[in-house]
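Trainee: Could you take one part of this model and walk me through it slowly? I'd like to see how the pieces fit together.

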Amino acid sequence: MGDHSLHSLYDTTGPYQALAVDEAQLDVLGQRREKQCRSVWQKLKAELRCSGPRVKSCFLSGVPLLSWLPHYPFKENAFGDLISGISVGIMHLPQGMAYALLAAVPPVFGLYSSFYPILIYFIFGTSKHISVGTYAVMSVMIGSVTERLAPDSEFIVWTNNSNESFIDTAAQINKRIAIAAAVTFLSGIFQLLLGLVQFGFVVTYLSEPLVRGYTTGAAIHVMVSQLKYMFGINPQRYNGPLSLIYTVLDVCSLLGGTNIGTLVVSIVTIVCLVSAKEVNSLLARKLPVPIPVELITIIIATAVSWRFDFKTLYEVEVVGEIPSGLQPPVLPDFSLMGTMVGDAFALAVVGYGIAISLGRTFALKYGYKVDSNQELIALGLCNSVGGMFQCFAISCSMSRTMVQISTGGKTQIAGALSAVVMLVILLWIGSLFEELPKAVLAVIINVNLQGMFKQFSDVSGLWRTNKVDMLVWLMTFILTVLLNPDVGLAASIAFSILTVIFRTQLPKYSLLGQVPGTDIYRPVEDYNQVVQIPGLVIFRSSATLYFANAEMYADHLYEKSGVDITKLLVHKKKLEAKRLRKEKKEQKKAKKEAKKRAVEMLEAPELSDKEEKLAVAIVAEPELDPCCDSGLPKAIILDLSPVNFLDTVGLKTLRDIHRDYGDAGVKVLLSGCQSCVIENLEKGGFFNDKVTKAVLFSTVHDAVLHCQQGDTKEAMKGTHF
């Protein structure tokens, strides 16, 4: 198409009048660029191309600390970060010790997990506000691994003299520490690998309803796991599906053997802690820094336990020895990793999902960007390096993050200062809490779960807004409670993906009509004033077209258009066969008549020219096709704007629709195709000598104008002749 042809698309002599432009004309009008296909080697060479600015950019993106620390606004942020760091560091003490109980390791390892990973995240993390460290859900997942691989039954020792048994606690603790470090190290390796291959988008499969339902279900596991410390009993450890139910039943059966001293400590701690938190929330607006309720609780509980010797007089279980100082790095036990691959991957995904969800939330609120792939690398380094220092897997805590923000924290400096607070505790203060009752830590854990239990209110909100998301929340909660956090997560993700498949497999199919006086087209069933254009069927699906819904797409098109194309084509073939049989019969009859006339012509005068023409006309008169007045639409316009890709099945479906309706005398036009869909059509062989890009239009309105202009031309031809 030359300049003259392009110029003819528009009427420049009078008022502007829109004319339909098909895709072939648009390619010329817009001067479409030809895509350059590069070989794999060329792509690899371009990716590995090294230059000074590129090396600098990669280095700074890999170590974000170097990019923001030189520009740190000291006067504006230093004081807020200092107060925030001290406040969060104080919170790390009780939470680290408490969550170590969930992981089934000594409390000091919770303090290690609140120190090393924080320093690493300070260097490699990109979120300015989240507080990484121990987290209840991660801890209970670690605990399920340690207790499964190091059960009590494996460490039972029998005495020769009294023929009695006891559990070798020291050996069991050492084995559980090794297991926790190994699974943490492996989860960090998974996160590092996912980050290096730019797999940060994996978090998209963890929707907000799924994450909130999962954390609520995991909170039930956390609460049940702490009942033995609150009642001073020792229930049996269960593994596998329904283990939570069995544990609850076992706890109920052992309530008669409750340690009264432990129960009294638990009740008093619950009353004091809940009351103090209520006062704290009431005074939140008046206080510059929240009251460290948990810290005050463990200080008082430790002092009272030491003064009245709870461990000896009332047999209350206490924290025990807390060694001062730091542990040297030790390589994890690689022989254990074969039995924990699934657990490590679940830890990697859950920890990353929770951290990136909170990180993105606060980044959006305060106007900066969080790099999802760099976050994977940062968390991977936290866990892999932390595993060598005998830490257990970490993530981000909502409660600590809120305190960090509310006390003025604005950068990662606050996290680094909280690590300094933990270092002071580990070196000089930790041993002072050896007489702290474990029941107090269990109460702190369960009271802090109230935020997760408030997530039950999500169900009513999701019921009003999106019932499918509500179903995802409920199923995730149920699967997590019944199948344990690790298996429950995998089942929940699978169910969530199934809902996406069902949504695309069961979309809404609509016939579109025009809003009078506009070029806007909307479903006729949704609007009273929308008018269907006579002779045209405009059809749209609300989802993309692919193998799972291709057959339903064609069926609903036949249903909405009011044309059973299969019966129509069969009927047309029958009529064609009948017409051919009748023509053969007429030809035979004409031959007989010709022979008869030939004989008569020899005996009679020749027929006049007029009679001869009449005879030929009688023989050659075609039979009218009954299908010509069958009420078929003149054209069908498929609105493919919701379609973002075409697989081979979807492409075949479009090809069959175009062929079948074309055989029935109905034009099929495609509109709203995205560039990738047009590319799929080209590569899939949709276009040929008979089917060109003239069937493609950018909008539904262009396709409608094309049909109307065609009708106008036909009418003008009829008038001319």
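Mentor: Sure, and keep in mind that this is a predicted model. Let's start with two helices that pack together: helix 25 (residues 550-561) and helix 28 (residues 648-663). Two packed helices are described by the angle between their axes and the distance between the axes. Here the angle is about 30°, and the axes are 9 Å apart. Angles under 35 degrees count as roughly parallel, so helix 25 is roughly parallel to helix 28. Their crossing is right-handed. Who does the touching? On the helix 25 side you'll find Ala550, Tyr553, Ala554, Leu557, Tyr558 and Ser561. Helix 28 answers with Val649, Thr653, Ile657, Asp660 and Tyr661. Sort that contact by class and you get 8 nonpolar, 2 polar and 1 charged residues.

Now for the sheet. The sheet is open, has 6 strands in the order 6-5-7-8-9-10, and its pairing is mixed. Strands of a sheet pair through backbone hydrogen bonds, either parallel or antiparallel. At the edges stand strand 6 and strand 10 (696-697). Each of these two has a single partner strand, so one side of each is left without a neighbour in the sheet. And here's the link back to our helix: helix 25 packs on this sheet, touching strand 5, strand 7 and strand 8 (635-639). The direction of helix 25 makes about 145° with that of strand 7.

Zoom in on strand 5 (residues 509-514) next. On one side, strand 5 is joined to strand 7 (residues 536-541) by 3 bridges, and the two run antiparallel. Look for Leu511 there, whose bridge partner in strand 7 is Phe539. Strand 5 is also joined to strand 6 (residues 521-523), again by 3 bridges and again antiparallel. Two partners to find in strand 6 are Arg522, which goes with Gly513, and Tyr521, which goes with Gln514. Strand 5 and strand 6 form a hairpin with 6 residues between the strands, and in that hairpin Gly517 takes a positive phi near 80°.

So how covered is strand 5: 6 of its 6 residues are buried. In a regular strand the side chains alternate between the two faces of the sheet. In strand 5, Tyr509, Leu511 and Gly513 lie on one side, while Ser510, Leu512 and Gln514 lie on the other, and both faces are covered.

Before you go, compare that with a few spots elsewhere in the chain. Ala344 sits in helix 17 (residues 341-366) and is buried, with a relative accessible area of 0%. Leaving aside neighbours within four places in sequence, Ala344 is in contact with Val183, Leu186, Ser187 and Phe190. The C-alpha atoms of Ala344 and Ala182 are separated by 9.0 Å, even though these residues are 162 residues apart along the chain.

Remember the positive phi in the hairpin? Leu242 has a positive phi too, near 65°, and it is a residue other than glycine. You'll find Leu242 in the loop between helix 12 (227-231) and helix 13 (243-254), partly exposed at 35% relative accessibility. Glu315 is not a glycine either, yet has a positive phi of about 55°. Glu315 belongs to the loop between helix 16 (310-313) and helix 17, and is exposed, with a relative accessible area of 62%.

Definitions and conventions: Residues numbered from 1 in each chain as written. Predicted model: local features only at pLDDT ≥ 70, side-chain atom pairs only at ≥ 80, totals over all residues. Heavy atoms only, no water. Axes fitted to C-alpha atoms, helices over the stretch in contact; angles between N-to-C directions. Helix = DSSP H or I, 4+ residues; strand = E, 2+ residues; numbered from the N terminus. Parallel < 35°, antiparallel > 145°, perpendicular 65-115°, else oblique. Left-handed = near helix turned anticlockwise from the far one by under 90°. Contact = heavy atoms within 4.5 Å. Nonpolar A, V, L, I, M, F, W, Y, C, P; charged D, E, K, R; others polar. Buried < 20%, exposed > 50% of the residue type's maximum accessible area, 1.4 Å probe, protein only. Pairing = 2+ DSSP bridges.
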